[in-house]
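Colleague: I am new to this structure and would like to go through it by question and answer. Please show it first.

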Amino acid sequence: MLQISNLMVFYENALALNDFSMSLQAGGIIAVIGSNSAGKTTLMNTLSGLIIDTKIKEQRKGGERITIYGKIIFNGEDITDLYPSERVKRGMVLCRERHPIFPESDLMENLRIAGYLRKRSEIKEMIDYVFHLFPTLVRLKNRKAGFLSGGEQQMLTIGMALIVKPSLLLLDEPLLGLSPMMQTTLVDAIKKIREQTGLTIVITEQFARPILPMIDYGYIIENGMLTLDGTGLELMENPEVKGAYFGV
Ligand SMILES: Nc1ncnc2c1ncn2[C@@H]1O[C@H](COP(=O)(O)OP(=O)(O)O)[C@@H](O)[C@H]1O
Ligand SMILES: [Mg+2]
């Protein structure tokens with residue numbers, strides 16, 4: 001479904017992704033694990049195309065130069081130079097790090113805004129699904145999104161991504177800053193999404209422990225480079241992974 005070959009991303013002269021390659025089959029949950037600054041967000045922004053927007057903005061401002069090499073093939077098509085909106089139309093949706101939402105709009109409005117590309121009947125069907133997946137959100141329908149807790153906002157952003165009916169869902173550090181209990185709730189929901197919708201999920205995290213049990217395959221990156229990959233079980237039993245990514 002997705003082939004990434006020899007991705008290199010430079011911010012000015014700083015190399016954020018170094019010859020990164022990976023290949024995903026449709027279905028299943030794939031993790032990219034790396035410590036802070038390893039290049040996880042750069043990878044997600046490059047996959048979703050957001051980095052192209054950033055690059056153009058920086059060029060207009062006369063700011064830093066972003067250079068991207070390598071190739072991304074999605075369902076057989078070279079999408080390396082496509083804008084994010086074009087990638088969304090092809091089924092690839094990113095939930096960005098630290099959940100950007102519309103804080104002044106209520107939860108329901110946020111979900112509806114996310115569905116602007118879809119027909120009304122489809123939006124309704126997906127909103128029902130989001131409330132089925134996250135029952136907590138039902139009683140918060142009319143609350144301004146800015147007043148939701150971090151965990152509730154994270155549920156909302158995943159919900160907003162689902163409204164688009166993606167075939168590939170990219171989650172950039174969805175557990176960041178959440179309590180262990182909220183992390184468990186989200187991990188359970190992500191597992192359910194996989195079981196109930198069959199969509200392909202790529203998830204990045206700093207800490208491997210909460211997510212390794214649910215993933216099908218994982219990649220470890222350090223300083224923008226792939227250092228290790230394997231099934232969830234293989235990574236869980238690897239002493240290096242245990243030492244570096246299991247936290248305290
Ligand atoms: N807009 C930017 N300009 C300059 N350097 C950046 C920018 N974004 C990220 N970096 C650098 O690229 C590297 C990878 O960052 P990032 O992809 O955000 O890592 P992660 O998400 O794994 O924490 C880091 O060294 C970071 O400082
Ligand atoms: Mg990041």
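Colleague: What span should helix H5 have, and how far apart are its end C-alpha atoms?

Modeller: This is a predicted model, in which local features need pLDDT of at least 70, side-chain atom pairs count only at pLDDT 80 or more, and totals for chains, interfaces and linings use all residues. Residues are numbered from 1 along each chain as its sequence is written, chains are lettered from A and ligands numbered from 1 in the order in which they are written, and side-chain values use heavy atoms, with hydrogens and water left out. Helices (H or I, at least four residues) and strands (E, at least two) are DSSP runs numbered from the N terminus, and the expected span of a helix is 1.5 Å times one less than its number of residues. H5 (residues 120-133) has 14 residues, so the expected span is 20 Å, and this agrees with the distance between its end C-alpha atoms, 20 Å.

Colleague: Which helices do the buried residues of H5 pack against?

Modeller: Buried means under 20% relative accessible area, exposed over 50%, and partly exposed in between (1.4 Å probe, protein chains only). Among the buried residues of H5 are Ile 123, Met 126, Tyr 129 and Leu 133. With contact meaning heavy atoms within 4.5 Å, the buried residues of H5 pack against H4, H6 (150-163) and H7 (180-197).

Colleague: Are H5 and H7 parallel or oblique to each other?

Modeller: Axes are lines fitted to C-alpha atoms, for helices over the stretch in contact, with angles from 0 to 180 degrees between N-to-C directions. The axes of H5 and H7 come within 11 Å and cross at roughly 135 degrees. Angles under 35 degrees count as roughly parallel, over 145 as roughly antiparallel, 65 to 115 as roughly perpendicular and the rest as oblique. H5 and H7 are therefore oblique.

Colleague: Which protein residues are donors of the magnesium ion (ligand 2)?

Modeller: Donors are N, O and S atoms within 2.8 Å of the metal (3.2 Å for Na, K and Ca); water is not among the atoms, so sites may look incomplete. The protein donors lie 1.9 to 2.2 Å from the ion and are Thr 41 (OG1) and Glu 97 (OE).

Colleague: How many residues apart in sequence are the parts that this pair ties together?

Modeller: Thr 41 lies in helix H1 (residues 40-48), and Glu 97 in the loop between strand E6 (92-95) and helix H4 (107-114). Thr 41 is partly exposed at 24% relative accessibility. The pair therefore ties together parts whose separation in sequence is 56 residues.
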